[in-house]
Structures are given as structure tokens and as C-alpha cells.
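Me: Could you walk me through this model, one question at a time? I would like to see the reasoning as well as the answers.

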Amino acid sequence: KVPEDLSELEHLVLSLRSHEGDKTTLSRKEHQIAQNLDLVVSNCQRLHVLSNNEPPSKRSQIQLAIDQIQSECKYLRSSLQTLQRKRAGREQELMHRASLFSQPVGAANMGSDATVLQMDTEVNEFSRLQSVGRRLDEMLMGGAASLE
């Protein structure tokens with residue numbers, strides 16, 4: 001039963017990676033996964049105590065299995081925390097981007113509290129290429145005028 005439960009938890013964590021639903025659904029799933037992981041860890045601790053009643057030959061096998069389950073739980077918990085951090089980072093970036101674009105930008109706003117938006121490197125490169133193209137055209141026009 002435990003391997004099926006762990007594989008189900010792993011599938012839930014993997015489904016969170018691809019899931020782009022609303023925040024309440026995601027937080028509910030994350031909370032459910034965290035609760036299930038806590039339950040597995042507490043059951044492993046109980047099993048560890050109960051394994052002391054077993055004969056020494058069986059005890060080592062049982063404790064090895066318990067350790068494997070606990071390590072899988074640690075892996076799943078770290079995966080869940082990584083997903084939560086990434087999601088929080090994306091949400092923070094979206095909020096920051098929305099706050100930047102919510103402020104009006106124009107000639108009237110260029111006072112002391114002007115907002116400077118960083119342009120993408122591709123846009124900067126495109127602007128520079130246009131400038132170089134205009135300069136080349138001017139040089140060619142100047143050369144053609146001097147030949148006439």
C-alpha cells in the first residue's frame with residue numbers, strides 16, 4: 001500500500017508542475033500533498049518504533065525499507081517546496097510587471113519621478129541596427145552627391 005501511496009503523491013507533485021489553474025486549486029492540492037507527506041513521515045516514525053519488537057534479522061530489513069520511504073518523502077517534499085518557490089517567484093514577477101505597466105509613460109510624466117523601463121536586448125539591438133542602417137544610407141548619399 002505504501003508504494004502506491006508514494007507513487008500517487010509523486011504523480012500529484014508532477015501534476016502541479018504542469019497545472020496552471022487558479023491559485024485556490026493549486027494551494028489546496030499543495031496542502032493536500034503536504035498533509036499526506038506528514039502522515040507518511042509520522043507513520044514511518046511509528047513503524048520505526050514498532051520495528052524494535054521484531055527479531056534482529058527482520059529489524060534491519062524493516063528499518064532499511066522505512067529509511068527508503070523517508071528519503072522518498074524528503075525528495076517529494078523538496079520537489080513541492082521548489083515548485084512553490086518557483087510559483088511564488090513567477091507571481092511576484094507578474095505583479096512587478098503589472099505595476100510597471102500600470103503607470104502611464106509619456107512626455108508629461110518625465111519629471112523627477114519618471115519611470116524608466118528596461119527594454120529587451122533584442123529591441124536595443126534592433127534600434128542600433130536601424131541607426132547603423134540610416135548612417136550607411138547617409139554615407140552612400142553623401143558619396144553619390146560628391147561624385148555628381
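Here are the questions and answers, from the overall fold down to single residues.

Me: Happy to start with the overview. How many helices and strands does the protein have?
Reply: Please keep in mind that this is a predicted model. From the N terminus on, its elements run α-α-α-α. The secondary structure therefore comes to four helices and zero strands under the DSSP-run definition.

Me: What share of the residues of the protein counts as buried?
Reply: A residue is called buried when its relative accessible area is under 20%. The protein has 148 residues, and the share of them that counts as buried is 14%.

Me: And how much surface does the protein expose, and what part of it do carbon and sulfur atoms supply?
Reply: The exposed surface of the protein comes to about 11,700 Å². Of that area, the part supplied by carbon and sulfur atoms is 57%.

Me: Now to the inside. Which helix gives the most residues to the largest nonpolar core?
Reply: That core has 16 residues, and those with the most contacts inside it are Leu6, Leu9, Ile33 and Val40. Helix H1 (2–18), helix H2 (23–51) and helix H3 (56–102) each supply at least two of its residues. With six residues, the helix that gives the most is H3.

Me: Which residues does Val40 contact, leaving aside its neighbours within four places in sequence?
Reply: Val40 is one of the buried residues of H2, and it is also among the residues with the most contacts inside the largest core. Leaving aside neighbours within four places in sequence, the contacts of Val40 are Leu6, Leu9, Ile69 and Cys73.

Me: How far apart are the end C-alpha atoms of H2, and does the expected span agree or disagree?
Reply: H2 has 29 residues, and at 1.5 Å a residue they should span 42 Å. The expected span counts one less than the number of residues. The model agrees with this, because the end C-alpha atoms of H2 are apart by 41 Å.

Me: Which residues of H2 are buried?
Reply: Burial here calls for a relative accessible area under 20%. The residues of H2 that are buried include one with a charged side chain in a salt bridge, Glu30, whose partner is Arg87. The full set in H2 is Leu26, Glu30, Ile33, Leu37, Val40, Cys44 and Ser51.

Me: Which residue forms a salt bridge with Glu30, and how far apart are the closest N and O atoms?
Reply: Side chains of opposite charge can pair when their charged atoms come close. The partner of Glu30 is Arg87. Arg87 lies in helix H3 and Glu30 in helix H2, so the pair ties together parts that are 57 residues apart in sequence. Between Arg87 and Glu30, the closest N and O atoms are apart by 2.2 Å.

Me: Is Arg87 buried or exposed, and what is its relative accessible area?
Reply: Arg87 touches Leu16, Leu26 and Glu30, not counting residues up to four places away in sequence. The cut-off for burial is under 20%. Arg87 therefore counts as buried, with a relative accessible area of 11%.

Me: A search of the whole structure finds two salt bridges. Which residue does Asp38 pair with?
Reply: The salt bridge of Asp38 has its closest N and O atoms 2.8 Å apart. It links helix H2 to helix H3, with the two residues 39 apart in sequence. Asp38 counts as partly exposed at 43% relative accessibility. Its partner, also partly exposed at 26%, is Arg77.

Me: How far apart in space are Leu12 and Glu30, C-alpha to C-alpha?
Reply: Leu12 is found in helix H1 and counts as buried at 18% relative accessibility. In sequence, Leu12 and Glu30 are 18 residues apart. C-alpha to C-alpha, their separation in space is 8.7 Å.

Me: Which residues does Ile62 touch, not counting residues up to four places away in sequence?
Reply: Ile62 has its place in helix H3 and is partly exposed, at 29% relative accessibility. Its C-alpha atom is separated from that of Asn52, ten residues away along the chain, by 9.6 Å. Not counting residues up to four places away, Ile62 touches Ser51 and Glu54.

Me: Last one: which residues form a nonpolar patch on the surface with Val132?
Reply: Val132 is found in helix H4 (residues 121–147) and is partly exposed, with a relative accessible area of 42%. The patch has about 290 Å² of accessible area together. Joining Val132 in it are Leu136 and Met139.

Terms used:
Residues are numbered from 1 along each chain as its sequence is written. This is a predicted model: local features need pLDDT of at least 70, side-chain atom pairs count only at pLDDT 80 or more; totals for chains, interfaces and linings use all residues. Side-chain values use heavy atoms; hydrogens and water are left out. A nonpolar core is a set of buried Ala, Val, Leu, Ile, Met, Phe, Trp, Tyr and Cys residues joined through side-chain atoms within 4.5 Å. Buried means under 20% relative accessible area, exposed over 50%, partly exposed in between (1.4 Å probe, protein chains only). Contact means heavy atoms within 4.5 Å. Patches are made of residues with over 30% relative accessible area and no salt bridge: like charges are joined within 9 Å, nonpolar side chains (Val, Leu, Ile, Met, Phe, Trp, Tyr) within 5 Å. Accessible areas come from the Shrake-Rupley method with a 1.4 Å probe; for residues, only the protein chains shown count as cover. A salt bridge is a side-chain nitrogen of Lys or Arg within 4 Å of a carboxyl oxygen of Asp or Glu.
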